[in-house]
Amino acid sequence: MDALVLTCDHDGLLRALHRLGAGLPGLTGKPGTPFPALFGPDAVAGALDLFSGLRKSGWTLDHAVPCRLDPDGGGHAGIVQTGMVHAGMVHVSGLCDAEGMVLAVARSPGAFSELMAALETLNPRLARRLAPLGSAVTRAEAPKPEFPSADALFGEMTLLNNELANVQRELAKANAELAASNEQKNRLMGMLAHDLRTPLQVVVGFAELLEQRLDGRLEATERACLERIRESSLSMRHMVEDALSLAALQAGRLRLARRPSDLVALVRRNVSMNRVLAEGKSITIELSVPERPLPMADIDPAKLDQLLNNLLSNAIKYSDRGGRVRVALSEAAGEGGSEVGGRLRLRVSDDGRGIPAAELAQLFQPFARTGRLGTEGEGTVGLGLYICRSIAEGHGGRVTADSAPGRGPTLTVHLPFGASSP
């Protein structure tokens, strides 16, 4: 008889092709070729089904696969090479064993027993590998392939759809519970931060009052204690303000109370307040503002004050003792150099150790933690610059950062005027 026996590895890659009789002209391939490709491009889908079933059950019997063969069956290579081949059908029987896969390919179904008889003479080793399948055929133990009916498939799909709907309902319920829990967390955090802010303001106010009333009568140790109280209170106030802003941002309720404000006076006042923190590390804050009066800016002064607090406290935190922090407020002309659409530019820079480019890209993300600690071990929760960006964008502006290792960062806030001159 004319047939082929293919040996493959467990991945279906052809190892060898053994011909019985004239073989099957038109069905050939090189070692290493996936065996489904041997049957031609039009038959790959059916051959892949064969491969999948063989991997799953371990054997197959008379699996029909379309194939482009020389219809004469005489091995006319010239006909095959010129493409004069016709669609046909072959029937594949085979199994998986410890060595891989072995497949017997014949032209007609029911030819496996005849193929085995011929193979025992020509290649006893291959016959032994196929023997388990032959024994099953002889004992009529090999079950016929069963295909599910349309009703069975419809029932299975209905069951799967019901299970999917149940999972979607459970997921929606879990999402609703998570949203409620998150809202409760934000509300609680906002309440706690709000309740902490009032006593902190009292502590700062009384520390300033004591320093004023006892000026000239305080010893160095006592003055240092008062400075420490003010410094710690200011740091805590910054954290409380950030916590309140984060709760508002997460709840989508960060509202700006805009009004025409003197940004120069705001910057001067903020720098003066943060000098308390800077003096704790012997850091000098240098301030540069325009000599001529600036137009009033349409801003939320409390939020801009918080933004500048965060920029300055970061600069102080990451500066070495005895260093300098520079704050500069300037005007930037609108497009084409015109005065219309002018912007304000607030720049804060320091002599710190710099930020690598990889960390710079994450600087404005919430809870972003760089590999840096403050120069005296100060930590951070990673909210300050995220809140700065949110406040600037809420004003129609933006924040940019420029730094590199060995070059301290410069953070620049770009803000529109947004208001007419007083």
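R345 is partly exposed in this predicted model, because its relative accessible area of 27% falls between the 20% limit for buried residues and the 50% limit for exposed ones. The residue belongs to strand β10, which covers residues 343-350. Its surroundings come from two other stretches of the chain. Beyond its neighbours within four places in sequence, R345 is in contact with A328, L329, S330, E331 and A332, and also with T412, V413 and H414. One of these partners, S330, is 15 residues away along the chain, yet the C-alpha atoms of R345 and S330 are separated by 5.3 Å.

Such contacts can be set against the protein as a whole. The fold contains 10 helices and 12 strands, and 38% of its 422 residues are buried. When contacts between residues at least 6 apart in sequence are considered, 65% of them join residues at least 24 apart.

Helix α8 offers a good place to look at buried polar side chains. Q306 sits in this helix and is buried, because its relative accessible area is 5%, under the 20% limit. Setting aside residues up to four places away in sequence, Q306 touches E241, D242, S245, I387 and I391. With S245, the separation is 61 residues in sequence and 9.6 Å in space, taken from C-alpha to C-alpha. N309 is also found in α8, and this residue is buried too, with a relative accessible area of 4%. The partners of N309, again leaving out residues up to four places away in sequence, are R237, H238, N270, M273 and N274.

Three of those partners, N270, M273 and N274, are also among the α7 residues that meet α8, which leads to the packing of the two helices. Helix α7 spans residues 263-279 and helix α8 residues 301-317; their axes come within 10 Å and cross at roughly 35 degrees. The crossing is right-handed. On the α7 side, the contact is formed by L266, V267, N270, V271, M273, N274, L277 and A278, while α8 contributes P301, L304, D305, L308, N309, L312 and I316. Sorted by class, the residues in this contact comprise 11 nonpolar, three polar and one charged.

Helix α1, made up of residues 44-57, shows how burial can be arranged around a helix. Its 14 residues reach 20 Å from the first C-alpha to the last, close to the 20 Å expected at 1.5 Å a residue. A47, L50, F51 and L54 are buried in α1. Viewed down the helix axis, the buried residues fall within an arc of 95 degrees, so they line one face of α1. A general feature of helices helps in reading this pattern: an α-helix has 3.6 residues a turn, so residues three or four places apart point the same way. The face of α1 turned away from the buried side carries A45, D49 and K56, which are exposed. After α1 comes G58, with a positive phi near 90 degrees.

A similar question can be put to helix α3, residues 112-122. Here F112, L115, M116 and L119 are buried. These residues cover an arc of only 100 degrees around the axis, which puts them on the same side of α3.

Technical notes:
Residues are numbered from 1 along each chain as its sequence is written. This is a predicted model: local features need pLDDT of at least 70, side-chain atom pairs count only at pLDDT 80 or more; totals for chains, interfaces and linings use all residues. Side-chain values use heavy atoms; hydrogens and water are left out. Helices (H or I, at least four residues) and strands (E, at least two) are DSSP runs, numbered from the N terminus. The expected span of a helix is 1.5 Å times one less than its number of residues. Buried means under 20% relative accessible area, exposed over 50%, partly exposed in between (1.4 Å probe, protein chains only). The arc is that of the directions from the helix axis to the C-beta atoms. Axes are lines fitted to C-alpha atoms, for helices over the stretch in contact, and angles run from 0 to 180 degrees between N-to-C directions. A crossing is left-handed if the near helix is turned anticlockwise from the far one by less than a right angle, and right-handed if clockwise. Contact means heavy atoms within 4.5 Å. Ala, Val, Leu, Ile, Met, Phe, Trp, Tyr, Cys and Pro count as nonpolar, Asp, Glu, Lys and Arg as charged, and the others, Gly among them, as polar.
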